[in-house]
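Before any contact is interpreted, it helps to ask how far the coordinates can be trusted. Please look through the sequence and the structure first, and then read on.

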Amino acid sequence: MGILGLSKLIADLVPTAIKENEIKNYFGRKVAIDASMCLYQFLIAVRSDGVQLTTVDGETTSHLMGIFYRTIRLLDNGIKPVYVFDGKPPQLKGGELQKRAERREEAQKQLDKATEAGDQEAVEKFNRRLVKVTKEHSNEAKELLKLMGVPFIDAPCEAEAQCAAMVKSGKVFATATEDMDALTFGSSILLRHLTSSEARKLPVQEISYQRMLHGLEFSVDQFIDLCILLGCDYCESIKGVGPKRAIELIKEHKSIEGILEKIDKKKYSVPEEWNYAQARQLFKEPEVQDPQTVEMKWTDPDEEGIVQFLCGHRQFNEERIRSGIQKMKKSKAMGTQGRLDSFFKVLPTTYAAKRKAEEPKKGDSAKKSKKPAAKAGKKK
């Protein structure tokens with residue numbers, strides 16, 4: 001789930017914390033990628049006539065197609081990806097996982113009804129809600145990445161937390177995920193849409209943690225408390241408190257403890273035995289592997305191994321797979337150019353600058369509306 005409404009809140013209140021970029025502008029960067037989020041995207045997006053791509057035996061292959069081609073696209077743009085897989089979920093996440101299971105159960109009931117009624121649009125809708133990344137999906141993705149020569153890491157707990165720790169330590173440049181809680185874990189840079197389909201033509205959104213904190217005028221602890229109020233995976237939130245009210249409460253009372261002392265509990269429903277303090281601690285000190293002990297090596301792809309893995313019973317087109325492998329080899333042979341910003345500072349284009357550029361200049365409308373004055377007639 002991530003943090004409810006956080007991306008819109010940042011875009012509305014601190015647009016200078018967000019800048020848009022083309023994927024090619026990240027050449028030479030090492031990026032930690034939330035693998036489970038990627039696999040989920042691939043499972044719901046890579047479809048043929050609304051149906052998952054599968055082998056003749058019914059085994060899903062959409063996730064493998066996504067990993068193979070999207071990773072090649074990253075490598076082709078000079079990016080060095082390292083995929084980070086989830087470990088065991090934290091105990092605090094149990095309630096959220098139970099809710100997800102209940103939602104899937106309800107979605108299955110709705111799917112059965114839609115199928116019976118022949119409502120294809122509803123069938124597709126509820127099919128998407130039933131998509132789940134399994135251990136088998138992850139293991140197959142790891143096997144393919146190993147053959148491609150792309151490193152991956154098994155996080156001891158949450159992948160976003162491990163990614164954030166690697167960014168903070170300088171091991172990688174950024175975390176790539178759609179889940180905003182990477183910021184709550186303290187990732188200095190968050191990249192959204194980095195692994196989106198090229199056909200969607202979405203610019204990469206780069207969010208700066210420090211600019212966001214500065215714009216909100218929040219400390220790290222206050223930002224974490226804001227995220228808990230907005231709604232996270234580890235505890236309930238106060239019912240009736242939306243994003244705007246959450247910001248106001250943190251600005252006025254500085255912390256959840258301060259809010260609880262003053263808030264009208266008749267108007268706002270505070271959860272019983274609310275475990276916000278444990279959630280806060282989890283965000284501040286998550287269980288992660290020491291980034292300095294993490295090994296990341298990008299090696300040559302095993303061409304025959306990849307062909308055997310994808311073009312055997314999984315039935316990928318061998319010509320296309322070999323073509324993709326040649327792209328990988330070419331990317332590695334070319335090496336990585338020196339980044340321009342290693343010589344001098346490049347000023348980013350932010351949302352705020354973009355909006356300002358698009359606004360009409362003062363007086364423009366007035367100038368456009370003026371008509372040239374009629375020439376005065378000659379005096380006789």
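The paragraphs below take up confidence, then a helix packing, and then the aromatic pairs.

This is a predicted model, and its protein chain has an average pLDDT of 83, with 75% of the residues scoring at least 70. Within the protein chain, confidence is highest in strand β7 (residues 174-176), where it reaches 98, and lowest in strand β3 (residues 47-48), where the mean is 44. Over residues 342-349 the pLDDT is below 50, and this stretch has six contacts in the model beyond near neighbours in sequence. Residues 365-380 also stay under 50 in pLDDT, and for them the model has zero contacts beyond four places in sequence. Where pLDDT is low, the predicted coordinates should not be read in detail.

The helix packing to consider is that of α9 (residues 209-216) and α10 (residues 220-230), whose axes are 10 Å apart and which pack at an angle of about 85°. Because angles of 65 to 115 degrees count as roughly perpendicular, α9 and α10 are described as roughly perpendicular to each other. On the α9 side the contact is made by Tyr-209, Met-212, Leu-213 and Leu-216, which meet Val-220, Phe-223 and Leu-226 in α10. Sorted by class, this contact of α9 with α10 has seven nonpolar residues, with no polar and no charged ones.

Aromatic rings offer another way to follow the fold, and the structure holds seven aromatic pairs. One of them joins Phe-85 and Phe-152 edge-to-face, at 5.9 Å centre to centre and with 85° between the planes. Phe-85 belongs to strand β5 (residues 80-85) and Phe-152 to strand β6 (residues 152-154), so this pair ties together parts that are 67 residues apart in sequence. As for their surroundings, Phe-85 is buried, with a relative accessible area of 1%, whereas Phe-152 is partly exposed, with a relative accessible area of 25%.

Tyr-234 and Phe-283 form another edge-to-face pair, with 5.3 Å centre to centre and 65° between the planes. This pair links distant parts of the chain, 49 residues apart, since Tyr-234 sits in the loop between α10 and α11 (243-253) and Phe-283 in helix α13 (residues 276-284). Tyr-234 is buried, with a relative accessible area of 2%, and Phe-283, at 2% relative accessibility, counts as buried. Ring pairs further connect Phe-185 with Tyr-234 and Phe-283 in a cluster.

Note on methods
Residues are numbered from 1 along each chain as its sequence is written. This is a predicted model: local features need pLDDT of at least 70, side-chain atom pairs count only at pLDDT 80 or more; totals for chains, interfaces and linings use all residues. Side-chain values use heavy atoms; hydrogens and water are left out. pLDDT is the predictor's confidence in each residue, from 0 to 100. Helices (H or I, at least four residues) and strands (E, at least two) are DSSP runs, numbered from the N terminus. Contact means heavy atoms within 4.5 Å. Axes are lines fitted to C-alpha atoms, for helices over the stretch in contact, and angles run from 0 to 180 degrees between N-to-C directions. Angles under 35 degrees count as roughly parallel, over 145 as roughly antiparallel, 65 to 115 as roughly perpendicular and the rest as oblique. Ala, Val, Leu, Ile, Met, Phe, Trp, Tyr, Cys and Pro count as nonpolar, Asp, Glu, Lys and Arg as charged, and the others, Gly among them, as polar. Rings of Phe, Tyr and Trp (its six-membered ring) pair if their centres lie within 6.5 Å; planes under 30 degrees apart count as stacked, over 60 as edge-to-face and the rest as tilted. Buried means under 20% relative accessible area, exposed over 50%, partly exposed in between (1.4 Å probe, protein chains only).
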